[in-house]
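Me: Please take a close look at one part of this protein and tell me what it touches. I would like the account in one piece, with the cut-offs stated.

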Amino acid sequence: MLEILLGVFLGALLGTISGIIPGVHANTLAGVLLGLQAPLLALLGPVALAGTLFAALITHTFVDAIPSTFLGIPEADTSLSVLPAHALCIEGNGEEAVRIAALGSACAIVIAVPVSILCFLLLPALQPFFDWWIGILLIACIGYMIVTSEAPGWALAIFVFSGILGIFTLHYTFLSWHTLSGGSAILMPLLSGLFGISVLLVSSRGILPEQHFSGLRIGDTAVMKYSLLGTGAGIAVGWLPGLSTASANGVLASMIGYEKDRRSYILATSAANTANAFIGLAALFALSRMRNGVMAALSQLPLPSMGELMVIGILAACAAYVITVRLSSSASRLNGFDSKTLNRSVIAFIILLCIVLTGPFGLLVLLLATAVGLVPHLVNVPRMYCMGAIMVPVMLYSFGIAWI
């Protein structure tokens, strides 16, 4: 029991740090902890060390709503939800956006844990069927999004060009530096260019509006509906091969419409993000497949039981909810802050982090991704079609085309 509580405490602490620092993911921390595996195992024990990794991942899925809302720096899991959350922040409702995200993640726990256990027990026998159909499913989803767009031609062009950029980036990952977090860090400049710097360059200038909080403006029915929808999407992409929460967010964007119903979209994508972490653990134990960097790190450790890690994840989620809500209440301190200065500082931080983590190749990817990410603004098309950078490589992988 002591090791479980120690894992929850350390994981919540590390997950808060990684979540609140823009551009740093729990996968980065996992790489560092894995490098210190021998002394940490002797000091903490296998349950506490594995629990720390998983608790950090769960905590990160809550806390990363804060920089996504107030700074607009995306990660693979929050790339699309940055847009409506940042828009609410500009309107003075940043704290509400963060609290809605935390609520979505909390609701996901109630659904994702029992469903993950069911998936662990029932789905491994059907895995070959899932592996074959994933590419077709993605084509159907993106086809629907493009056809229903107000400008199908531009939507298709943006999707294709971002997809080519994604293929190029992932195919030549070996050219990037592998500082701390390994090859997966190349997604940082790719998504930061498409959904971060390109947004900040065209965002409004001047003083950040006064932040205020007067309650959550989302009904109970919407909370229930979109928690279920987001959790289902997160579980689906977490179990199916080659997908991530970023793919789920793209599908959710077509179903909800993040420009029309920002709050519901934030809640659904946050639920998907947290649910994805739990189903990833089930996939690790059932299929020996690693869905993210934390799972890859866990696979290298002497693992406790899945039940123990699930308990740690639930306790970490409870702590993370409280931490996120408390931190969101500090939003009022941003009142009157010069957003131009903030944007420049964030852009400089992204560039510096890109250089440190991925080197010259990552900087090239960041430049190209920023150029592609500016196109939706210029032609007045939703930025979600830039998710081709993730979805196209996954489609090719599913069909056995060895581009990545």
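What follows is a close look at helix α13, beginning with the whole protein and ending with the crossing of α13 and α11.

Reply: This is a predicted model, in which local features need pLDDT of at least 70 and side-chain atom pairs count only at pLDDT 80 or more, while totals for chains, interfaces and linings use all residues. Residues are numbered from 1 along each chain as its sequence is written, and side-chain values use heavy atoms, with hydrogens and water left out.

The protein has 17 helices and 0 strands (DSSP runs numbered from the N terminus: H or I of at least four residues for helices, E of at least two for strands). Of its 404 residues, 57% are buried (under 20% relative accessible area, with exposed meaning over 50% and partly exposed the range in between, for a 1.4 Å probe and protein chains only). Taking contacts (heavy atoms within 4.5 Å) between residues at least 6 apart in sequence, 84% join residues at least 24 apart. The accessible surface (Shrake-Rupley method, 1.4 Å probe; for residues, only the protein chains shown count as cover) is about 16,000 Å², and carbon and sulfur atoms hold 71% of that surface.

Salt bridges come next. The protein has 4 of them, counted where a side-chain nitrogen of Lys or Arg lies within 4 Å of a carboxyl oxygen of Asp or Glu. In one, arginine 262 pairs with glutamate 91 at 2.4 Å, N to O. Arginine 262 belongs to helix α13 (residues 262-287), whereas glutamate 91 sits in the loop between α6 (82-90) and α7 (94-122); the two are 171 residues apart, and the pair links distant parts of the chain. Because its relative accessibility is 42%, glutamate 91 counts as partly exposed. Arginine 262 has 26%, so it is partly exposed too.

The neighbouring arginine in α13 also has a partner. Arginine 263 forms a salt bridge with glutamate 96, and their closest N and O atoms are 2.8 Å apart. Here too distant parts of the chain are linked, since arginine 263 is in helix α13 and glutamate 96 in helix α7, 167 residues apart. Arginine 263 is buried, because its relative accessible area is 17%. Glutamate 96 has 1% relative accessibility and so counts as buried. Shared salt-bridge partners put Glu96, Arg217 and Arg263 into one network.

Helix α7 also has a salt bridge of its own, from glutamate 95 to arginine 99, with 3.0 Å between the closest N and O atoms. Those two residues are 4 apart within α7, about one turn of the helix. Glutamate 95 is buried, with 10% relative accessible area.

The remaining point is helix packing. Two packed helices are described by the angle between their axes and the distance between the axes. The axes of α13 and helix α11 (residues 220-239) come within 6 Å and cross at roughly 35° (lines fitted to C-alpha atoms, for helices over the stretch in contact, with angles from 0 to 180 degrees between N-to-C directions). Their crossing is right-handed, meaning that the near helix is turned clockwise from the far one by less than a right angle (anticlockwise would be left-handed). On the α13 side, the residues that meet α11 include Ser264, Leu267, Ala268, Ala271, Ala272, Ala275, Asn276 and Ile279. The α11 residues in this packing include Ala222, Tyr226, Gly230, Gly234, Gly238 and Trp239.
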